[in-house]
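I opened this model to look up its overall build, a few helix contacts and some single residues. My notes follow in the order in which I checked things.

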Amino acid sequence: MESAEIRRRWLRFFEERGHNVVPSASLIADDPTLLLVPAGMVPFKPYFLGEVKPPAPRVTSVQKCVRTPDIEEVGKTTRHGTFFQMCGNFSFGDYFKEGAIKYAWELLTSSVADGGYGLDPERLWITVYKEDDEAEQIWRDVIGVPAERIQRLGMGPNFWSMGVPGPCGPCSEINYDRGPEFGEEGGPAVNDERYVEIWNLVFMQYERGAGEGKDDFPILGDLPSKNIDTGLGLERLAMILQGVQNMYETDTLRVVMDKATELTGVRYGADHGSDVSLRVVADHIRTSVMLIGDGVTPGNEGRGYVLRRIMRRAIRNMRLMGATQPVVAELADVVITTMGQQYPELLTERGRIETVAVAEEAAFLKALKGGTNILDTAVTETKAAGGKVLSGDKAFLLHDTWGFPIDLTLEMAAEQGLSVDEDGFRSLMKKQRDMAKADARAKKTGHADVSAYREVADSSGTTEFTGYTRTEGEST
Ligand code: ATP
Ligand code: MG
Ligand code: MG
Ligand code: MG
């Protein structure tokens, strides 16, 4: 089943069951705590928080998502992309646990002829929160899932909150057994590659108080109105329904890998290292196109820096596979054509997206040349002196003069057997920021003092890449 059909069926199923179909919101979150949208519930947060009255008691969407913290997994696990689409159904004080569980089961297991996805019920494994007897009982007694295929998990994976006082509640996840070729048996509690998580159902039923982050806080009581928030990964379901080994081999991403093969001569399946590179390229180019499509432009701060790092990583992986010429225009073109079927604005914006992407590639290729010379010399000197760690000074120089994201320096140094003094790098970055601030104060001439803003923007752009989606744990 094609990705487009998975999406159509999702929306049709929930529309027929009284849900308002809401188009995907932009990846640029309308939310000051987030740079980018990491989950389908984000556009509906004001309804869940009771700040705004929902337009309807039940809605459904297929939301564009970006999760930068998953970048290290890309190409290595079979199921993580930096961009993916989350299919969701939401209830604001309307149906609750039993309703959500019944819908999920019906859609997944009813036959393709009947509008469902036709999954074999015997391959589905369920996890519930360890204290959620009610959810377990529904799965076992109402749906009929055998007790041995229901597992109880703790707070980390199976309890949801926003990390701050407000709504929270247990989750229940639906996982698909891909069979023994994906490793040992024992259910999702022991093997998350074989039993791949496809759908997370969040039962928002309690109010939490202040406490330590995700898992140490008091439950103050029941919410006056209970909500449902669910998220199914479209690419993960596509991987299962298309019978392929990982999400990069599904219809919308495979074509990008094929284009990368055409441009480099590197065949998919020939070697583990280059397979990872092909997947990284497919994922990152797609994410870049989707971000530019929503108005992000490459830069040194905030979202622009997310985009820059992702694009530069894709380009570098193309060069590792032997590309010597610019490649971005052709790769982006494939993404625009494929994703444009679901997101027609990509087609109308094709010219602008390609111009932005190609300009960033040109800037990077120039920087890569100069920066690589500096890096190679520094590596040679470090090794000659018997060292194993590239200094923070050099990493800072590469960042400041050549626009080398720190993860690029880390990766390139590691290829030559060196680590990098990241703490040294960070303290130089901080020093530079502090000086800029002092400078701004000294020069203050009645203009607004933007130093506080800059501090936020700079630190999000220069410290850990994983710091962006503050509510990553919050997930769906
Ligand atoms: P995992 O444990 O596999 O990392 P998750 O628990 O972080 O997934 P949720 O936050 O529950 O994921 O998101 C809901 C659904 O979105 C998941 O069940 C999965 O199908 C999908 N999903 C989450 N992260 C990704 C990703 N990086 N790439 C593709 N699909 C994803
Ligand atoms: Mg995750
Ligand atoms: Mg999970
Ligand atoms: Mg989950």
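These entries go from the whole chain to helix packing and then to individual positions.

**Whole protein.** I kept in mind from the start that this is a predicted model. I looked up the secondary structure and found 16 helices and 11 strands in the protein. For the overall dimensions I took the principal axes, along which the C-alpha atoms fill a box of roughly 70 × 55 × 50 Å. I then compared the radius of gyration with what a compact globule of 476 residues would have, near 23 Å, and the protein's 24 Å agrees with that. Of the 476 residues, 43% count as buried. I also looked at how contacts are spread along the sequence: among those between residues at least 6 apart, 69% join residues at least 24 apart.

**Helices α8 and α10.** I first asked at what angle the axes of α8 and α10 cross. Helix α8 spans residues 272-293 and helix α10 spans residues 328-339, and their axes cross at roughly 70°, coming within 9 Å. Angles of 65 to 115 degrees count as roughly perpendicular, and α8 and α10 are therefore roughly perpendicular to each other. The crossing in which α8 passes α10 is right-handed. On the α8 side I noted Ile285, Arg286, Val289 and Met290, which meet Leu331, Ala332, Val335, Ile336 and Met339 in α10. Sorted by character, the residues of this contact are eight nonpolar, no polar and one charged. As a reminder to myself on spacing, an α-helix has 3.6 residues a turn, so residues three or four places apart point the same way.

**Helices α10 and α12.** I next followed α10 to helix α12, residues 350-384, and found the two packed at an angle of about 145° with their axes 9 Å apart. Here too the handedness was looked up, and α10 passes α12 in a right-handed crossing. From α10, the residues Val328, Ala329, Ala332 and Ile336 meet Arg350, Ile353, Glu354, Ala357, Val358 and Glu361 in α12. The residues of this contact divide into seven nonpolar, no polar and three charged. I noted that Ala332 and Ile336 are listed in the contact with α8 and also in the contact with α12.

**Tryptophan 10.** Is tryptophan 10 buried or exposed? I found the residue in helix α1, residues 3-16, and counted 23 C-beta neighbours inside 10 Å, so tryptophan 10 counts as buried, the cut-off being 20 or more. Leaving aside neighbours within four places in sequence, tryptophan 10 is in contact with Val62 and Cys87. I also checked glutamine 342, which is 332 residues away along the chain, and the C-alpha atoms of tryptophan 10 and glutamine 342 are separated by 14 Å.

**Threonine 297.** This residue lies in the loop between α8 and α9, the latter being residues 302-320. With 14 C-beta neighbours inside 10 Å, threonine 297 counts as partly exposed. Not counting residues up to four places away in sequence, threonine 297 touches Gly304 and Val356. Lysine 45 is 252 residues from threonine 297 in sequence, and their C-alpha atoms are 26 Å apart in space.

**Helix α13.** My last look was at helix α13, residues 392-402, in which Lys394, Ala395, Phe396, Leu398, His399 and Trp402 are buried. Glycine 403 follows α13, and its phi is positive, near 65°.

Definitions and conventions
Residues are numbered from 1 along each chain as its sequence is written. Chains are lettered from A and ligands numbered from 1 in the order in which they are written. This is a predicted model: local features need pLDDT of at least 70, side-chain atom pairs count only at pLDDT 80 or more; totals for chains, interfaces and linings use all residues. Axes are lines fitted to C-alpha atoms, for helices over the stretch in contact, and angles run from 0 to 180 degrees between N-to-C directions. Helices (H or I, at least four residues) and strands (E, at least two) are DSSP runs, numbered from the N terminus. Angles under 35 degrees count as roughly parallel, over 145 as roughly antiparallel, 65 to 115 as roughly perpendicular and the rest as oblique. A crossing is left-handed if the near helix is turned anticlockwise from the far one by less than a right angle, and right-handed if clockwise. Two residues are in contact if their C-beta atoms, placed from the backbone, lie within 7 Å. Ala, Val, Leu, Ile, Met, Phe, Trp, Tyr, Cys and Pro count as nonpolar, Asp, Glu, Lys and Arg as charged, and the others, Gly among them, as polar. The radius of gyration is taken over C-alpha atoms; the globule rule is 2.2 Å times the number of residues to the power 0.38. A residue is buried if 20 or more other C-beta atoms lie within 10 Å of its own, exposed if 12 or fewer, and partly exposed in between; C-beta atoms are placed from the backbone.
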